[in-house]
Each structure stands twice: as structure tokens, then as C-alpha cells.
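Hello,

Here is the structure we talked about handing over. Please load it first, then read my notes below.

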Amino acid sequence: MNKHYTEGEPIRDTKAPAGPIEERWEKRKFSAKLVNPANKRKMHVIVVGTGLAGGSAAATLGELGYNVTSFCYQDSPRRAHSIAAQGGINAAKNYRGDGDSIYRLFYDTVKGGDFRARESNVYRLAQVSVNIIDQAVAQGVPFAREYGGLLDTRSFGGAQVSRTFYARGQTGQQLLLGAYQALERQIAAGTVKMNTRHEMLDVIVSDGRARGVIVRDMVTGEIERHLADAVVLATGGYGNVFFLSTNAKGCNTTAIWRAHRRGAMFANPCYTQIHPTCIPVSGDYQSKLTLMSESLRNDGRVWVPVKAGDTRPASEIPEEERDYYLERIYPAFGNLVPRDIASRAAKNVCDEGRGVGPGGLGVYLDFADAIRRLGREAVEKKYGNLFEMYERITGEDPYSQPMRIYPAVHYTMGGLWVDYDLQSTIPGLFVVGEANFSDHGANRLGASALMQGLADGYFVLPTTIGDYLANGPYGEVDDGAVAEAEAAVQSKIERLLSVNGTRTADSYHRELGKLMWDYCGMERTEESLRKALERIPELREEFWQNVKVSGTADELNQALERAGRVADFFDLAELMCIDALHRTESCGGHFRAESQDADGEALRDDENFAYVAAWEYGEQGPVLHKEALEYEYVKMSQRSYK
Amino acid sequence: MIERGTSTAQVDPPAGAPAKPVTPPRAAPAKRKGGFLGSSNGRKAVMAVTGAALVLFLVGHMAGNLKAFFGADSFNDYAAFLRTMGEPMLPHRVALTIVEVGLAVAIVLHMWAAITLARRASRARPVKYAAKRKSQAGGYAVHTMRYGGVIILLFVVYHLLDLTFGTVNPAGWDGTPYERLVQGFAPERWWVTAFYAVAVVMVGLHLRHGLWSAFQTLGLASGRSYRPLKAVAATISAVLVLGFLAVPVAVMIGVIK
Amino acid sequence: MNLTLKVWRQKGPQDKGRMVTYRVEDVSPDMSFLEMLDVLNERLILEGDDPIAFDHDCREGICGMCGMVINGVAHGEQVATTTCQLHMRHFEDDAVITIEPWRAAPFPVVKDLVVDRSAFDRIIQAGGFISVPAGSAPDAHSVPVKKVDADAAFDAATCIGCGACVAACPNGSASLFTAAKITHLSLLPQGQPERDSRARAMVEQMDAEGFGGCTNTGECTAVCPKGIPLDTIAQMNRDYLRASK
Ligand SMILES: Cc1cc2nc3c(=O)[nH]c(=O)nc-3n(C[C@H](O)[C@H](O)[C@H](O)COP(=O)(O)OP(=O)(O)OC[C@H]3O[C@@H](n4cnc5c(N)ncnc54)[C@H](O)[C@@H]3O)c2cc1C
Ligand code: HEM
Ligand code: HEM
Ligand code: SF4
Ligand code: F3S
Ligand code: FES
């Protein structure tokens with residue numbers, strides 16, 4: 001059997017301190033060497049990305065007195081994709097007295113991640129979650145409040161405690177603006193130098209350490225080299241490998257993929273989260289998918305016609321010919337089953353030909369009962385803005401006819417491998433936020449990405465990076481390494497511009513995305529993955545022979561930007577399929593059809609797969625390094641929602 | 001190729017390195033005179049305060065004008081009162097002069113603020129849209145403020161020459177105020193009345209927006225008070241327009257003679 | 001549906017720029033405005049032309065990156081809608097649509113429909129923040145905030161920094177944007193210590209960037225995709241006067 005990869009040494013040390021789990025982070029903080037305040041100014045740190053993770057990291061490093069250079073591809077740091085997060089942010093504040101605690105948040109996250117996350121990291125995340133809320137409130141983040149003036153919370157994503165803090169449906173926006181404002185304050189103070197409209201295209205590795213980045217000024221096309229003592233990547237997730245996703249159009253894998261090519265291991269690339277409640281695709285021209293808040297499932301009922309190929313409008317389908325399949329299959333949780341379960345169930349009924357709307361790719365989310373029970377006004381009050389958004393996009397009125405929803409790619413749990421200090425396998429290269437393989441294991445619970453990004457940026461990284469810097473200085477940067485990285489970037493750009501073929505980068509991206517969705521999407525089989533692994537290299541080859549990029553390198557050239565990103569998505573897509581193929585179990589966001597129980601539920605294989613798959617880039621194909629996962633505090637068990 | 005930032009102490013670009021072009025090239029923000037009066041908000045406040053003073057004057061002026069309905073004596077006495085105001089504490093015509101100087105200063109400051117802000121605004125918007133801009137806010141009064149103000153100014157100049165100095169008035173400098181009034185708005189001089197009418201309507205429009213705008217500028221308005229404020233502004237404007245028009249129209253149709 | 005587009009094309013900041021007419025056919029009414037432009041751009045690329053450059057990212061109305069003046073109205077005539085959320089079903093078949101960039105001196109054109117809005121960032125730098133170094137914050141419940149204040153602060157804080165207010169204002173004023181931030185922070189107890197210095201610094205920075213003054217025209221709030229209300233400007237004026245005492 002063609003294995004597509006080789007196996008290397010396992011990873012034995014993640015640098016997490018030993019001892020009782022509650023004390024590990026304290027211990028690490030205390031053991032971390034400190035940088036003399038007078039020297040901080042001389043230490044130069046590059047932070048790529050200004051989302052929750054990068055924005056908070058750059059601001060905090062600036063406050064501490066480091067000399068920071070920050071980059072983002074948008075025209076302002078405030079526009080990072082984190083701005084789009086809707087639902088909320090978890091924190092173990094236990095303001096409700098409903099039995100929440102750091103331990104419970106830790107427990108829920110480890111379990112929710114389907115036992116594929118590290119206990120030490122998750123515990124630290126739960127500890128730090130508390131400080132995030134304090135920090136955000138002090139910055140002026142206008143979280144929802146109750147009449148008593150205290151913060152309101154809600155329960156989210158099936159959690160049994162009410163620990164999600166929110167700012168209407170715009171929590172990500174408000175948190176990001178808090179971080180952005182802190183960042184702008186540092187820019188004004190001169191500690192952070194901001195470079196907007198700059199795209200990072202490579203990491204400079206000198207003497208085995210990350211010492212800078214190569215970026216392209218997206219307005220002038222200038223290729224610039226920036227050197228530093230350490231580099232932080234906070235460049236977000238890679239869900240756009242599927243072309244259609246809920247991510248912003250510019251989200252890309254370029255930064256982390258380039259780092260991977262330079263030696264940073266890529267962990268668990270196949271773990272992607274598919275969100276069940278998105279507005280379905282309406283046509284071939286569609287450029288992205290829009291998420292509808294998960295909270296809709298609290299009152300909406302999901303159904304499809306009983307008969308396949310039933311094209312009657314919803315109103316003409318009588319009650320007995322409707323299949324409320326979530327309520328039928330999962331009577332205990334009903335419409336509120338976790339994201340991965342709801343998504344797969346929707347796919348299954350559509351595969352049976354019972355889907356609704358254009359192409360049969362959609363299921364109904366019906367509020368008729370809720371309107372009858374609560375009255376239109378109450379429904380409007382709760383979901384009015386979401387209904388409006390739905391109507392704006394689809395032109396259909398969700399008060400009079402059921403919404404149509406379909407699952408869409410939403411978040412990537414995989415990313416660059418990092419140790420407890422958030423350092424990748426390239427010394428001096430730190431990775432925070434969605435860009436790292438994060439603390440969510442194989443499945444992320446709602447409202448926990450914001451928490452992780454801010455925990456990394458405000459609290460964890462500023463401590464651990466200090467330890468690395470205090471152990472320096474690391475000497476002069478090797479000119480050859482810089483020149484080589486720069487030449488690599490230049491030659492890739494020249495190559496893209498010189499092909500002059502007959503198809504646009506977007507059309508290749510669309511085809512790649514479709515392929516990934518069909519073969520490495522909600523459900524994967526050995527067969528589908530092998531097909532993908534056959535097809536991806538062919539398509540990539542064709543791309544490099546036949547792509548058409550107009551314009552030149554030394555101007556604002558959006559066609560060129562896209563082509564560069566698509567080229568990296570091809571390489572990443574291949575690794576995702578290899579990872580998905582090798583992991584023959586089902587877990588979290590990765591469902592292998594071969595591994596299911598009698599009821600068709602995901603079946604984990606803890607004996608063989610309780611590890612993080614960290615992939616090293618190799619000219620002869622990827623090399624797998626396993627980091628074994630051990631559970632001392634949370635007992636491993638199969639998830640069940642029946 | 002540009003190199004910036006190094007690993008060790010040096011942070012600024014090495015000497016001699018090409019300076020990064022500002023992207024995109026844009027004029028460095030013009031240095032403005034700092035402080036309250038230099039800021040656009042400060043000047044707006046000046047405009048609002050002087051505007052308010054002018055409004056108070058207009059209210060009084062209109063009330064005074066209406067005395068014409070009570071006959072020549074009443075009106076002339078009133079004109080005389082204006083000059084003897086404050087006596088004997090103050091010498092003849094001093095109080096009036098103070099008011100006049102105050103008015104002049106208010107008008108000058110008001111215009112200074114209006115003109116400098118208008119220039120600033122046109123520098124901020126040098127390029128017009130090719131498609132005809134459609135007003136999304138509605139409200140025509142808003143768009144008459146600047147040229148309306150100029151018409152008002154021209155009117156005031158003419159008006160002073162007419163009724164205060166009598167230069168362009170048939171009754172001349174020697175006539176009593178009442179004579180100037182009656183002869184000035186005589187039916188055959190209908191165009192004078194027409195001009196006054198246009199000007200007064202302009203004043204009305206100016207105040208219809210200006211009045212609530214002044215509250216907004218001084219931070220005295222809030223979401224809830226917009227509707228009542230706008231209603232009050234419209235009412236005061238309407239009363240002023242009608243009040244001012246009453247006298248010339250009455251003269252023209254012979255009610256006052 | 002078939003459309004005629006008149007689009008502002010400008011190669012770079014130094015180029016004079018001009019309107020260019022394009023014909024697009026078979027536009028689906030379900031397309032968003034940007035998707036319609038995507039389709040045109042694909043065609044332009046294949047013809048070896050430069051695609052029309054426009055800013056966009058989230059395509060769901062929250063990042064504030066997109067924005068163009070459509071038929072003379074910033075973000076188009078659909079109220080409370082960003083350009084990316086505008087759908088073609090609101091246009092008539094065979095319509096002629098004029099598309100221009102934001103026009104304001106402090107927003108110079110970078111290319112085609114892309115403008116430089118960094119002036120907004122500098123206004124925030126001047127004082128649009130609360131100074132709290134990470135880790136120094138007191139417990140979140142130590143200061144209760146009245147719900148009405150929190151809600152009003154939130155309403156102001158929803159500004160996405162798109163710049164439509166500037167594009168629509170006949171004076172090229174950034175008052176609504178600046179006021180939204182000043183209002184957000186000055187309604188919260190946490191924002192009080194820096195309230196005066198913030199108002200002064202932000203208003204003066206707005207002038208220094210070359211934006212015009214506000215004459216309370218109200219065009220800004222009418223096109224604002226987030227419906228930032230006009231009373232934020234009154235709040236800004238109030239705070240500025242207070243700070244200037
Ligand atoms: C629609 C939606 C709703 C969500 N809702 C929630 C929620 O309710 N709760 C929750 O917890 N999570 C939610 N999430 C997930 C969460 O928003 C993200 O995981 C998180 O915000 C990622 O933050 P980040 O800082 O890691 O990256 P991002 O916010 O994605 O930031 C990436 C940054 O990197 C920069 N960048 C990227 N590539 C380059 C490059 N090559 N060169 C230079 N700069 C680059 C970008 O400019 C940007 O500044 C949601 C996600 C989506 C899509
Ligand atoms: C001399 C000629 C005048 C000119 C050129 C002029 C011009 C202006 C302009 C441009 C404005 C700003 C418009 C706005 O805020 O939208 C304004 C506002 C105002 N004007 Fe005048 N005006 C003149 C005379 C007057 C007079 C005679 C009065 C009073 C009777 C007056 C009262 C006001 C008021 C109350 C405002 C509102 C101030 C504010 O918006 O804060 N103006 N004027
Ligand atoms: C249309 C009706 C009006 C009539 C009948 C009228 C009448 C008069 C008269 C008779 C005088 C001379 C008073 C005197 O010298 O004793 C006068 C002065 C004056 N009027 Fe009017 N007026 C009218 C409208 C206006 C308007 C609309 C304005 C301002 C916008 C205005 C501004 C003035 C000023 C500034 C003076 C000079 C006051 C002074 O010198 O003290 N008037 N007016
Ligand atoms: S105030 Fe409104 S129009 Fe102006 S930048 Fe903010 S969101 Fe855009
Ligand atoms: S349109 Fe302009 S004039 Fe003021 S009210 Fe809005 S900033
Ligand atoms: S693209 Fe983000 S608001 Fe339009």
C-alpha cells in the first residue's frame with residue numbers, strides 16, 4: 001500500500017512542567033527567565049497577524065517594552081477575520097454560581113475535543129480564561145449586561161453551565177476592537193510599528209532559528225526583508241482550502257505553510273470543523289458562505305421531507321410527511337446536538353436525496369412552531385437581526401417560510417505544532433491563535449476560539465517568549481539565508497506571472513475546494529482520500545502550467561495575491577488528505593466512514609490514535625512524528641448524544 | 001529590496017537605506033493651528049453661539065417691527081426708544097451702539113467660522129462624484145446654509161442702506177423710520193418687498209436647520225430630543241418668517257400707510 | 001440580468017483615472033454586488049486586463065473593508081447594508097450602474113476602487129482606547145455598568161470603520177466615525193479617566209488628517225451600514241467642549 005509518508009521519531013517533550021495540573025502554569029511562569037527591562041527595547045519581535053491572537057500579542061509585547069513590528073494583509077489591523085465571530089467567549093468565571101469552575105471548563109474542553117488535546121494546555125487555557133474577561137471589560141468591551149449592571153452570560157454549544165460572555169451577535173468584533181485599540185495605543189507610543197497591506201511570504205531561518213520574514217508590500221509590490229530576534233505567527237486558520245467557507249476571503253495558509261516548508265511541523269491538518277447552520281450555496285458564482293448563529297437551533301426545528309425528490313414548497317408538505325431527523329435520531333439532545341453530529345446528519349439526509357433548495361443541498365430550519373408558541377414578536381426580539389441577515393442574502397422571508405441551512409467549513413483545529421511555550425519546532429518561531437494546532441483537539445466547542453486566541457496573545461506568549469529572548473542573543477543573521485528566502489519568494493512570483501495560461505487562479509481554487517469538500521469533507525473514506533491524493537497533484541501540475549495572472553509584480557495586484565495563496569493551498573490540501581488517510585479512526589471533526597459504530601456514530605480508536613500527528617516537511621513526502629497524548633485527569637470515553 | 005529592523009540594537013533603517021515610500025503617497029497631514037479655535041469643533045461652537053445671539057436679535061427685531069401695526073407713533077417711539085435705551089445711565093445711543101457692535105462682531109465671527117469651515121470642507125472633498133449624489137438624509141434646508149447665508153448677508157447690507165441709513169430709500173436719511181418703512185415698501189416698489197420676502201424665507205430656512213444644529217453643535221441635543229428640537233426650530237423659523245413678512249406685505253397692500 | 005457598469009479605473013495614486021464602461025451579462029439576482037464584480041474580473045484576467053481592484057474581506061458586513069459609491073450613494077441605496085451584503089436582486093435588468101471609490105482628500109485612491117483609510121487608524125491612535133496593560137485589570141464585576149449605558153455604548157461601538165460616512169458627507173467629515181468611538185468609551189465608567197484628553201486628541205487628529213467639519217447634514221448616518229446614530233456627534237461635541245473648558 002502506498003503510504004504517501006514515512007514515519008520519524010516520536011515527539012517526547014512538550015515542555016509542559018510536571019506535577020499537579022493546577023500548578024503547571026505557575027511553575028512555568030516562575031521558571032521562565034526574565035528579560036532585563038533595559039534590554040527589552042533592544043529585542044525585536046515580529047508579529048504577523050492582527051487578529052485576536054496577534055493583535056493582543058503585539059499590544060502586550062509593546063506594553064512590556066519590546067520592539068515590535070506587526071503585519072497584516074488588510075488595510076487596517078482592525079479588519080482581521082476575528083472580527084466576524086458572533087456567538088461569544090467562554091470563561092470559567094462562575095458568575096452564575098451554576099457549578100462552573102476552571103476544572104469544569106477544562107473537563108468540557110478535553111471531552112469536547114474528543115480526547116485529542118493536551119491536558120496541560122487545556123487546563124492553562126481554562127485558568128487564563130478568567131483574566132481575559134477582566135482585561136476586556138477594563139478595555140471597554142461592551143459585553144451584554146443585566147439590569148443589575150453585572151455581566152450577562154448564556155449557555156452555548158450544548159454546555160450545561162452558562163459561561164459564555166457575549167456582546168449581542170458581535171462578540172468577536174468587540175473583543176477585536178479592544179485588542180486593536182490597545183495595539184493602536186502602542187503604535188502611537190512607538191513600541192509597535194504597524195505594516196498594513198503587507199503579506200508575509202516566507203520565514204527567514206538562520207542558524208536553525210527563525211530570525212525574520214520576507215513580506216510583500218501589497219501596494220507597491222516591493223519585496224521587503226524584516227529581521228528580528230523572534231517571530232510570532234498569528235495568521236489564522238486555513239479553512240479557505242475548501243474555497244467556500246465561513247472564513248474571510250483573504251484567509252490563507254501561506255504564512256504557516258511557508259513556515260512548515262522551513263521546518264515547522266504541521267499538526268493534525270485533517271481536523272476541520274464543519275458548522276451546521278450556514279446559508280446554503282445559491283450558485284456557482286458564490287464566493288463565500290455565511291454563518292448563522294448556532295443559537296438558532298435553540299428554537300428552530302430541523303427537518304426534511306420524508307420522501308426523496310419531494311420538490312413541493314415547505315408549506316405544502318403535511319406534518320406527517322416531514323422528518324424531524326435530529327429529534328428522531330437523538331431524542332435526548334434533539335436539535336441541540338454538537339456541531340459535528342448535526343452537520344453529518346444533514347449531509348446524510350441530503351445524500352439520500354431528501355435535501356431541499358437548489359441542488360438539494362439544504363435542510364429546513366423551521367420557526368413555525370416557535371412563532372406559534374412564543375409569538376412572532378418574541379421570536380423577532382431574539383433572532384430579528386439573524387432573520388434580517390438571512391433575508392438580505394437569500395431574498396426569502398424566514399417568518400413565512402422555513403430557513404434553509406447547510407453545513408459549511410468553519411474552523412481548522414489543525415495548524416503548526418507548538419509546545420507548551422507556543423514555540424514551533426523552529427526555535428524562535430512562535431505560533432498563536434487558530435494558526436497553531438490549538439487546544440481544541442479534534443473538535444472545537446463553541447465560544448472557545450476567541451478564548452484561546454486571547455489567552456495566547458495577552459497572557460501565555462508574552463511570558464514564554466521572554467524566556468526565549470532572555471536566553472539570547474542569538475548572533476548575527478546569516479546573509480545567505482536572507483538572500484535565499486528572498487530569492488525563493490521572487491522566483492515564485494515571477495513564475496506565477498510568466499505562465500500566462502488560460503484559467504484564473506480562482507477557478508483552480510474553486511475546483512480544488514470542491515474536490516476537498518467531496519473527498520476530504522464531512523465524511524472521509526479511504527477510497528475518497530485516495531482519489532483526492534491522485535487528483536490534487538494533477539490539478540496542481542495543471543495550475544502551474546496553465547494559470548493566468550494578469551498585471552505585474554510591482555503594483556497592487558489582487559490576481560497575483562490570489563494565485564500565490566492558491567498555490568500554497570494545493571500543497572496543504574495534499575497533506576490534509578494524507579493526514580486524514582492515515583488516521584483510520586473517526587474523531588471530532590474527522591469522520592472516517594470505515595470507523596463507526598452500529599448506529600453510525602463516530603468510533604474513536606484510542607489504542608492506535610491517541611496522539612497528535614505532527615508532520616515534518618520532507619522532499620520525499622511528509623514525515624510523521626507522533627506526540628502521545630495521556631489523560632491523567634479526564635477519563636477517556638466515547639461521546640454519546642443519544 | 002528593503003531591509004528594516006535587525007536582530008540586535010539597531011532598529012532604524014541603516015543609514016543610506018532607501019527610505020520607504022509612504023504608501024500610498026499622500027500629503028502629510030497639514031499642521032493646523034492647534035487649540036479650541038483652530039479645531040473644526042471649536043469653530044462650529046463659535047458659529048452656534050454667534051448664531052444664537054443673532055437669533056435673539058431677530059426675535060426682538062421682529063417684535064419691534066410689528067409695532068408698525070399700531071401706527072406711526074408707536075413705531076417711531078419704539079425706534080426712538082432704541083436710541084434712548086439705557087439713559088440716563090448711559091449717554092444717548094450708547095446702549096444701541098453696544099448692541100450694534102455686538103451684532104457686527106457676531107456676524108463677523110459667524111462668517112469667519114462659516115467661511116473657514118467651508119474652505120476646509122471643500123479641501124476635504126476636492127473630487128466630486130460622477131453620479132449625481134442623491135441625498136440620503138433628505139432635508140433641503142441643510143443644503144441652503146452656505147449660499148443662503150450669503151444671500152442673507154447681501155440682504156443685510158441692502159437692508160441697512162435702505163431702512164437704517166436710508167441711502168436707497170425714497171424717504172431718505174431724513175425720513176422718520178416709519179416713513180422709510182411705508183415708502184420703502186410702497187406697492188410700486190414691489191420688487192423691494194419681493195427681495196425682502198426671498199431674504200426672509202432664506203433666514204427661515206437658515207434657522208430651520210441652524211437652530212437645532214446649534215443645539216447639536218453645543219452638545220445639547222440627544223437622540224430623544226431631535227424630534228422636539230426640530231419641531232421647535234421649524235416653529236420659530238415659521239413665526240419669524242411670518243412676523244417679518246407681515247409688515248412689508250401690510251404696507252404693500254395698504255393696511256399700513 | 002444584463003448590466004452596464006461605469007467603473008472608476010485608476011492605475012495608481014499618481015494616475016489621473018477615468019470612468020470605463022463594461023457590459024456584464026447573465027448576472028444572477030442572487031449574486032452579491034462583489035460577486036458580480038468577481039465575475040467581471042475573471043473575464044478581465046482572462047483577457048489579460050487588469051482586474052478591477054476593490055477592497056473586501058469578510059463579505060458578511062462586519063470587517064468594514066469593502067465600500068464603493070454605487071450610483072452616487074455610499075454602499076448603494078439599500079439601507080443599513082455594506083457593499084458586500086448588497087445583492088443584485090435590488091437592481092433592474094439593463095440598469096446602468098456607476099461605481100466610484102470613496103472620495104475625500106484624507107482617503108487618497110490607491111488603485112481603482114481601493115482607497116487608503118489609514119487616517120482612521122491614526123484617529124484611534126490619538127486616543128481611541130482605554131489604557132490597561134494586560135494583566136492589570138480588576139475583576140470584571142468590580143464596576144457594575146448600567147444596562148442602558150452598556151447598550152448605548154455597544155450601539156456606538158458597532159462602527160466597522162468602513163468610511164462610508166466620510167464618503168457621503170458633503171464636507172468630507174469623519175465626525176460620525178470619531179464620535180462613535182468617543183461615545184462608546186465615554187459612556188462607560190472605564191472610559192472616564194481619559195475622557196477629556198481622548199475627546200480633545202481625537203477631534204484634533206481628525207482635523208489634522210484633513211477631514212472637514214460637521215455641519216449636521218446627516219448624510220453620514222443615513223448611509224452608515226451600522227446605523228450609528230447622529231447623537232454620537234452631539235456626544236462628541238459635548239465631550240470636546242467639556243474638555244476645552
Ligand atoms: C463566522 C465565524 C464565527 C465565529 N464565531 C466564533 C465564536 O462565536 N466564538 C469563538 O470562540 N470563535 C468563533 N469563531 C472562530 C474565531 O473567530 C477564530 O478562530 C479566531 O478569531 C481566529 O483568530 P486569530 O487571531 O487566530 O486569526 P485571524 O483573526 O484570522 O487573524 C489572522 C491575521 O493574520 C493576518 N494574516 C494572515 N495571513 C497573512 C499573511 N500571509 N501575511 C500577513 N498577514 C497575514 C491577517 O491579516 C489577520 O490580521 C468564528 C469564526 C467564524 C469564521
Ligand atoms: C451673514 C451671513 C451668514 C452666513 C454666511 C451664515 C452661514 C452659516 C453657515 C454656513 C452655517 C453652518 C450651517 C450648518 O451648521 O449646517 C450657519 C449656521 C448657523 N447660522 Fe448662519 N449664516 C449667516 C447669517 C446668520 C444669521 C443672520 C443668523 C441668525 C439670525 C444665523 C444663525 C445661524 C445659526 C443659529 C446657525 C447654527 C449653528 C450651528 O450649526 O451650530 N446665521 N450659518
Ligand atoms: C422684512 C422685514 C424687516 C423689516 C420691516 C425691518 C425693518 C427694519 C428697520 C425699520 C430698521 C431700522 C431701525 C432703526 O434704524 O431704528 C432695521 C434695522 C435692522 N434690521 Fe431689519 N427689518 C426686517 C428684516 C430684517 C432681517 C430679516 C434682518 C436680518 C437678517 C434684519 C436685520 C436688521 C439689522 C442688522 C438692522 C440694524 C439694527 C441696528 O442698526 O441697530 N432686518 N430693520
Ligand atoms: S460610522 Fe458608520 S459609515 Fe462611518 S465608518 Fe463607522 S460604520 Fe462606517
Ligand atoms: S454627513 Fe457630514 S456634516 Fe456632519 S452630520 Fe454627517 S458628518
Ligand atoms: S467585506 Fe467585510 S464588510 Fe464588506
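H110(B) is buried, because its relative accessibility is 16%, under the 20% cut-off. H206(B) also counts as buried, at 16%. Bear in mind that this is a predicted model.

What do these two histidines hold? Both coordinate the iron atom of ligand 2, each through NE2, at 2.0 Å. H110(B) sits in helix α3 (residues 94-124) of chain B, and H206(B) in helix α6 (residues 190-217) of chain B. The pair therefore ties together parts that are 96 residues apart in sequence. The iron site has six donor atoms and is octahedral, with angles of 87 to 179°. For six octahedral donors the ideal angles are 90 or 180 degrees.

Next, ligand 4. The residues around it belong to chain C, and include F120(C), C159(C), C162(C), C165(C), C224(C) and P225(C). By class, the shell has 10 nonpolar and two polar residues. Charged residues are absent from it.

Now the packing. The largest nonpolar core has 262 residues. I89(A), F143(A), L233(A), F367(A) and F543(A) touch the most other members. Helix α16 (residues 558-582) of chain A gives this core its largest share, 15 residues. Apart from it lies another core, of 29 residues, with Y22(C), L40(C), M88(C) and L113(C) among them.

One residue to inspect is I89(A). Leaving out residues up to four places away in sequence, I89(A) touches I132(A), I133(A), F143(A), R163(A) and L454(A), among others.

Best wishes

Methods:
Residues are numbered from 1 along each chain as its sequence is written. Chains are lettered from A and ligands numbered from 1 in the order in which they are written. This is a predicted model: local features need pLDDT of at least 70, side-chain atom pairs count only at pLDDT 80 or more; totals for chains, interfaces and linings use all residues. Side-chain values use heavy atoms; hydrogens and water are left out. A residue is near a molecule or strand if one of its heavy atoms lies within 4 Å of it. Ala, Val, Leu, Ile, Met, Phe, Trp, Tyr, Cys and Pro count as nonpolar, Asp, Glu, Lys and Arg as charged, and the others, Gly among them, as polar. A nonpolar core is a set of buried Ala, Val, Leu, Ile, Met, Phe, Trp, Tyr and Cys residues joined through side-chain atoms within 4.5 Å. Buried means under 20% relative accessible area, exposed over 50%, partly exposed in between (1.4 Å probe, protein chains only). Helices (H or I, at least four residues) and strands (E, at least two) are DSSP runs, numbered from the N terminus. Contact means heavy atoms within 4.5 Å. Donors are N, O and S atoms within 2.8 Å of the metal (3.2 Å for Na, K and Ca); water is not among the atoms, so sites may look incomplete. Four donors count as tetrahedral if all angles lie between 85 and 135 degrees; four count as square planar and six as octahedral if opposite donors are over 155 degrees apart and all others between 65 and 115; anything else is irregular.
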